[in-house]
Amino acid sequence: MLYIQIMKFSCEISILENTIHSKIYNSLRDICDELNISYQQAADISANRRNKFHESKFKYAPQITIKKISTKL
């Protein structure tokens with residue numbers, strides 16, 4: 001049996017353990033358009049590279065998580 005894998009991305013934004021956004025997207029570009037961030041920022045976040053929010057001293061800095069997920073058809 002032949003399976004086709006479709007890659008999607010799960011994006012979650014939380015502040016102090018409170019999830020304020022959680023959605024499945026078809027591409028990183030869709031996440032960029034929704035959150036108004038650059039493609040490079042989305043790619044860095046999805047690859048767990050350091051970003052400015054992790055290094056900041058903001059009291060209520062958001063935690064952004066982007067994970068690649070796959071679904072089989």
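## Around Y25 and helix α1

Let's begin with one residue: setting aside neighbours within four places in sequence, Y25 is in contact with K8, F9, C11, D30, I31 and E34. Keep in mind as you look around that this is a predicted model. Y25 also belongs to the largest nonpolar core, as do F9, C11 and I31, and helix α1 is a good place to see how the parts meet.

**Helix α1**
- Helix α1 spans residues 28–35, and its residues L28, I31 and C32 are buried.
- These three lie on the same side of α1, because they cover an arc of only 100 degrees around the axis.
- The general rule behind this is handy: an α-helix has 3.6 residues a turn, so residues three or four places apart point the same way.
- Just after α1 comes N36, which takes a positive phi of about 60 degrees.

**Where α1 meets α2**
- Helix α2 covers residues 39–46, and its axis comes within 9 Å of that of α1, crossing at roughly 115 degrees.
- The crossing of α1 past α2 is right-handed.
- From α1, the residues L28, R29 and C32 meet Y39, A42, A43 and S46 of α2.
- By type, the residues of this contact are 5 nonpolar, 1 polar and 1 charged.

**The largest nonpolar core**
- This core has 12 residues in all: F9, C11, I13, Y25, L28, I31, C32, A42, A43, I45, I64 and I66.
- Two or more core residues come from each of β1 (5–15), α1, α2 and β3 (63–72).
- In soluble globular proteins, nonpolar side chains tend to be buried together.

How values were computed:
Residues are numbered from 1 along each chain as its sequence is written. This is a predicted model: local features need pLDDT of at least 70, side-chain atom pairs count only at pLDDT 80 or more; totals for chains, interfaces and linings use all residues. Side-chain values use heavy atoms; hydrogens and water are left out. Buried means under 20% relative accessible area, exposed over 50%, partly exposed in between (1.4 Å probe, protein chains only). Helices (H or I, at least four residues) and strands (E, at least two) are DSSP runs, numbered from the N terminus. The arc is that of the directions from the helix axis to the C-beta atoms. Axes are lines fitted to C-alpha atoms, for helices over the stretch in contact, and angles run from 0 to 180 degrees between N-to-C directions. A crossing is left-handed if the near helix is turned anticlockwise from the far one by less than a right angle, and right-handed if clockwise. Contact means heavy atoms within 4.5 Å. Ala, Val, Leu, Ile, Met, Phe, Trp, Tyr, Cys and Pro count as nonpolar, Asp, Glu, Lys and Arg as charged, and the others, Gly among them, as polar. A nonpolar core is a set of buried Ala, Val, Leu, Ile, Met, Phe, Trp, Tyr and Cys residues joined through side-chain atoms within 4.5 Å.
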